[in-house]
Amino acid sequence: MSKEAYILGTHNEELDRLGFQHRVWADAAHALWHKANFRGGQHILDLGCGPGFASFDLAGIAGHHGLVTGVDRSAEYIEYAQQKSEASGVQNTRFMHSDFAGMELGKEQFDAAYARWVFSWITDVDETIVKVAASLKPGGVFAVQEYLQWGTFQMVPEHPDVRVMIEACRESWRMMDSEIDIGRTLTERFEKAGLSISHVAPLERTARVDSLTWQWPTGFLRIYAVQLMALGLITQGQLERYLEVLPEIEGQNSAFLVTPLMVEIIGIKQ
Ligand SMILES: C[S@@+](CC[C@H](N)C(=O)[O-])C[C@H]1O[C@@H](n2cnc3c(N)ncnc32)[C@H](O)[C@@H]1O
């Protein structure tokens with residue numbers, strides 16, 4: 001079973017956040033695709049493509065003789081991606097509006113597949129991996145980037161008003177039956193689905209205040225705070241204190257943050 005709605009929402013602010021997030025992590029995605037030997041002429045699946053930010057980069061790799069298929073359950077995101085394809089004249093993308101539970105993929109259709117920040121939000125993880133594995137040609141690769149331990153996210157100097165926000169996020173995912181740290185379970189699930197592991201590596205950064213990466217988790221907390229309040233996990237006062245304390249931390253040249261630990265994995269279809 002998959003959840004009723006993607007819990008981070010699909011409103012415009014979240015769409016912009018996903019675009020920004022892609023800019024921050026695009027180089028890591030490209031490095032993984034290079035390692036997995038994604039290349040021209042391939043048919044590549046972008047599972048849980050969202051508004052297609054990674055799909056368009058993948059389309060650049062697949063080239064004129066290749067194709068990228070993006071699948072997502074959000075009608076708004078799929079429409080955005082389709083309109084962007086048309087407006088920019090990109091010919092080699094297809095976007096499919098579907099929940100993974102109802103997703104119909106052809107047998108041995110794809111040369112490669114990619115998923116990033118997807119498996120934390122679904123409950124039918126094994127079923128989805130089995131579907132992707134069946135849709136890969138023998139020798140095809142499935143490359144993923146997912147959280148391994150979100151709670152490693154920290155700001156230095158540590159401040160209790162920041163910690164409250166971080167802990168509230170973790171509690172929200174526990175409440176909603178999400179396994180944010182899904183990365184821990186994926187190598188085993190891949191092997192069970194007939195995907196032999198060829199690469200596992202951590203993905204983590206430190207970021208100074210003036211960097212793009214600094215704005216990634218801090219921007220996320222600002223947007224997600226609305227949800228945290230709606231869930232009763234933080235009070236208005238706690239949010240206000242966080243919003244007061246953040247500029248104080250940002251005023252310190254010595255400050256830095258450590259991004260939530262992710263893991264990247266490549267599995268090869270046997
Ligand atoms: C955090 S976003 C990541 C989007 C994209 N992979 C990226 O890296 O920018 C997660 C995406 O998974 C999609 N999603 C969540 N559950 C899904 C399901 N059961 N079926 C299809 N898509 C789903 C959401 O709609 C959302 O677009």
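Axes here are lines fitted to C-alpha atoms, for helices over the stretch in contact, and angles run from 0 to 180 degrees between N-to-C directions. The model on display is predicted.

**First stop: helices α5 and α7**

Select α5 (160-175) together with helix α7, residues 212-230. Their axes come within 11 Å and cross at roughly 55°. An angle of that size makes α5 oblique to α7, and the crossing is left-handed. To view the contact itself, show the side chains of M165, A168, C169 and S172 in α5, which meet L221, Y224, Q227 and L228 in α7. By class, this contact has six nonpolar and two polar residues, with no charged residue.

**Second stop: the loop before α5**

Move from α5 to the loop that separates it from β6 (154-156), and select P157 there. Display the backbone from V156 to P157: the peptide bond between these two residues is cis, with omega near 10°. For context, most peptide bonds are trans, and most residues other than glycine have a negative phi.

**Third stop: two residues with positive phi**

Next, select N37 in the loop between α1 (12-35) and β1 (43-47). Phi of N37 is near 60°, a positive value in a residue other than glycine. Is N37 buried or exposed? N37 is exposed, because 12 other C-beta atoms lie within 10 Å and the class takes in residues with 12 or fewer.

Then select W117, which is found in the loop between β4 (110-116) and α4 (125-135). Phi of W117 is also positive, near 55°, and this residue too is other than glycine. W117 counts as buried, because it has 20 C-beta neighbours inside 10 Å and the class begins at 20.

**Fourth stop: helices α1 and α2**

Select α1 (12-35) and helix α2, residues 53-62. These two helices pack at an angle of about 35°, with their axes 9 Å apart. The crossing of α1 and α2 is right-handed. On the α1 side, show L18, G19, H22, A26, A29, H30 and W33; on the α2 side, show F53, A54, D57 and I61, which they meet. The residues of this contact divide into seven nonpolar, three polar and one charged.

**Fifth stop: the seven-stranded sheet**

Now display the strands. In what order do the seven strands of the open sheet lie? The order is β3-β2-β1-β4-β5-β10-β7, and the pairing is mixed. The edge strands are β3 (93-97) and β7 (195-203), each of which pairs on one side only. Neighbouring strands of this sheet are turned by 15° against each other on average, direction ignored. Helix α2 packs on the sheet and touches β1, β2 (67-72), β3 and β4, with its direction at about 160° to that of β2.

Within the sheet, select strand β5 (residues 136-149) and strand β10 (residues 261-269). This pair is antiparallel and is joined over eight bridges. For one of its residue pairs, select V144, whose bridge partner in β10 is I265.

Add helix α6, residues 183-192, to the selection. Helix α6 lies across β5, β7 and β10, and runs at about 165° to β7.

**Sixth stop: L203 in β7**

Keep strand β7 in view and select L203, which lies in that strand. L203 counts as buried, because 20 C-beta neighbours are found inside 10 Å. A distance display from L203 to E146 gives 9.0 Å from C-alpha to C-alpha, although the two residues are 57 residues apart in sequence. Which residues is L203 in contact with, leaving aside its neighbours within four places in sequence? They are A28, Q145, M262, V263 and E264.

**Last stop: Q270 after β10**

Finally, follow β10 into the segment after it and select Q270. Q270 is exposed, because 12 other C-beta atoms lie within 10 Å. Draw the distance between the C-alpha atoms of Q270 and A193: they are separated by 9.7 Å, with the residues 77 apart along the chain. To complete the view, show G194 and S196, with which Q270 is in contact when its neighbours within four places in sequence are left aside.

Note on methods:
Residues are numbered from 1 along each chain as its sequence is written. This is a predicted model: local features need pLDDT of at least 70, side-chain atom pairs count only at pLDDT 80 or more; totals for chains, interfaces and linings use all residues. Helices (H or I, at least four residues) and strands (E, at least two) are DSSP runs, numbered from the N terminus. Angles under 35 degrees count as roughly parallel, over 145 as roughly antiparallel, 65 to 115 as roughly perpendicular and the rest as oblique. A crossing is left-handed if the near helix is turned anticlockwise from the far one by less than a right angle, and right-handed if clockwise. Two residues are in contact if their C-beta atoms, placed from the backbone, lie within 7 Å. Ala, Val, Leu, Ile, Met, Phe, Trp, Tyr, Cys and Pro count as nonpolar, Asp, Glu, Lys and Arg as charged, and the others, Gly among them, as polar. Two strands pair if DSSP finds at least two bridges between them.
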